[in-house]
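Biologist: I have a model open and some short questions. Can you walk me through it?

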Amino acid sequence: MEPLNLEDFEWRIKVRQLTMDDYEDLVAMSERCFPGMQPWGRDQLASQLEIFPEGQLCVEIDGELAASSSSLILEYDPSLEWHNWKAVADGGYIRNHKPKGDTLYGIEIMVDPKFRGMKLSRRLYDARKELCRRRNLARIIIGGRIPGYHKYADQMTAREYIEKVLEKAIFDPVLTAQLANGFSVRGLIPNYLPNDVESCGYATHLEWINLDYVPGAKRRFHHVIEPIRICVVQYEMRAISGFDEFAKQVEFFMDTASDYKCDFILFPELFTTQLLSCVEPTRPGQAARRLAEFTPQYLDLFTEMAVKYDINVIGGSTFVVEHETLYNVAYLFQRDGTIGKQYKLHITPSERKWWGVSPGDRVEVFETDCGVVGIQICYDIEFPELSRIASYKGAQIVFVPFNTDTRHGYLRVRHCAQARCVENHLYVAISGCTGNLPFVENADIHYAQSGIFTPADAEFARDAVAAECNPNVETVIIHDLDFEQLRRHRESGTVQNWNDRRRDLYQVVYREGDRKYEI
């Protein structure tokens, strides 16, 4: 079997500036989003792009326009007619844009119905927030539709409806999303869009405050380091009826991590062996190859989940057959729709004996929107050379999906993971399975206590454990990691293992194709 071409499974998703070439698609999307409402004219879009191109954004998925937003900068004035979008936005021409103002005013945001439920509005709001930080703007102000109100207009006033949405008693497709993105309701605007039948003409006056704002500064002069939020899944193995049930369990954890706005989620090694409980029992070697037949479905599932929930996903690991050879492979599904993979490099005696797994031959690191990361599958973390190579290549965190059957096996993974943190000044997150799979040979029992580990020094947690699960129960842990703190630790920590290596006495020699590295 030829290796699967990962490009066939990738999505191409990006946030970019609008251009005039997008006009026809923008109008078509507007008509689908807001039937009966007048879309931008060509002259309005041209004016927006000429005056403030940075503020006119869109999300593109596989070359197709999926969402867009428009905005301009103003000087904040409480007496300004914020309730009158035509006055505030110059009827859509934004000729009143003030480059030296302090407030970003959002004119419009829309998501094509075809792509709703994929948290694309979060991507656009995040891009607006980053624009505010970059330009040192104090706030974002928007007028938000309440399209669910028409269902309740005969039962309550618009004010009462908004209060119910704030109390979570009612879900509004626009206001609920805006609240989830950090906006606060500052008022109610009647006659905002008189032809907006769904909102009965009403809108909310919403505000987001930029906590990084510095009064009087022209712009932010250095990038504030954002913490990276990690979700580690401790996954319970149980018998299932088919792939759909497996996908449902995966999506539960993805949805949970997304609710907490995580940047990464880590699943365990070979948690896909759960699928062997729903196929005809056979000998372990044949079963492993049978499991590999699920690989296309697995790739489709995790690629879609990474984009839909806006999270970078380390999808545990799974068996893959390439050129008739069986490998244990971990995939990184990035939230921009791209996919990377890391083969397991060291195969345990039981993997060779029961399944006939073969090793890979390359240490990968992956550039992500949150920094450089590495993946080492279970046994690989017990070989210090691999983390040394990954650190040399720039990795700031190593993700370790593992699968162990006893506490002794788990402790080997844990203690070695903690040692790698000290040796290389990096973070290590480990994720394992719990539970049982009766009659699935070599995958029948599991032991895990998943965790996130740090270097051992004063600026980190006292026991060098950032977070850890209770042993052998299905759960998740969520924790923020500071990569800037890691950089400072490497440069000026109490001990500097990386800088103090005796390369005059010993080196790690690593071969990658025709190249040789001495580390």
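Modeller: Here is a tour of helix packing, a pocket, cysteines and a few loop residues. This is a predicted model: local features need pLDDT of at least 70, side-chain atom pairs count only at pLDDT 80 or more, and totals for chains, interfaces and linings use all residues. Residues are numbered from 1 along each chain as its sequence is written, and side-chain values use heavy atoms, with hydrogens and water left out.

Biologist: Start with α1. Which residues of α1 are buried?

Modeller: Y23, L26, V27, M29, S30 and C33. Buried means under 20% relative accessible area, exposed over 50%, and partly exposed in between (1.4 Å probe, protein chains only). Helices (H or I, at least four residues) and strands (E, at least two) are DSSP runs, numbered from the N terminus.

Biologist: Where do they sit around the axis of α1?

Modeller: On the same side of α1, because they cover an arc of only 165° around the axis. The arc is that of the directions from the helix axis to the C-beta atoms. An α-helix has 3.6 residues a turn, so residues three or four places apart point the same way.

Biologist: What covers the buried residues of α1?

Modeller: The cover includes α2, β3 and β4 (103-111). Contact here means heavy atoms within 4.5 Å.

Biologist: And α2, what do its buried residues pack against?

Modeller: α1 (23-33) and β3 (64-74). The buried residues of α2, which spans 42-51, are Q44, L45, S47, Q48 and L49.

Biologist: Switching to pockets. What is the volume of the second largest pocket?

Modeller: About 1,100 Å³. Of the 32 residues that line it, D126, E226, D263, R335 and C370 are the closest to its centre. A pocket, on a 1 Å grid over the protein atoms alone, is an open set of points where a 1.4 Å probe fits, with protein on both sides within 12 Å along at least five of seven lines; lining residues have an atom within 4 Å of a point. Grid points are joined across faces, edges and corners, and the volume is the space filled by probe spheres set on the points.

Biologist: Which element gives the most to that lining?

Modeller: α4, with seven residues. α4 (120-135), β8 (228-237) and α13 (483-492) each supply at least two.

Biologist: How many of the lining residues are charged?

Modeller: 16, alongside eight nonpolar and eight polar. Asp, Glu, Lys and Arg count as charged; Ala, Val, Leu, Ile, Met, Phe, Trp, Tyr, Cys and Pro as nonpolar; the others, Gly among them, as polar.

Biologist: Cysteines next. How many disulfides are there?

Modeller: Zero in the whole structure. A disulfide here is a pair of cysteine sulfur atoms within 2.5 Å.

Biologist: Why is C416 not bonded to C378?

Modeller: Because the sulfur of C416 is 10 Å from that of C378, its closest cysteine sulfur, too far for a bond. C433 is in no disulfide either, with the sulfur of C378 as its nearest at 10 Å. C433 counts as buried, at 0% relative accessibility.

Biologist: Now the loops. What is the phi of L270?

Modeller: About 50°, positive although L270 is not a glycine. Most residues other than glycine have a negative phi. L270 lies in the loop between β9 (264-266) and α8 (284-292), and is buried at 3%.

Biologist: What about C200, where is that?

Modeller: In the loop between β6 (184-189) and β7 (203-209). Phi of C200 is near 55°, also a positive value. C200 is partly exposed, at 36%.

Biologist: Last one: is L211 buried or exposed?

Modeller: L211 is exposed, with a relative accessible area of 80%. L211 lies in the loop between β7 and β8.
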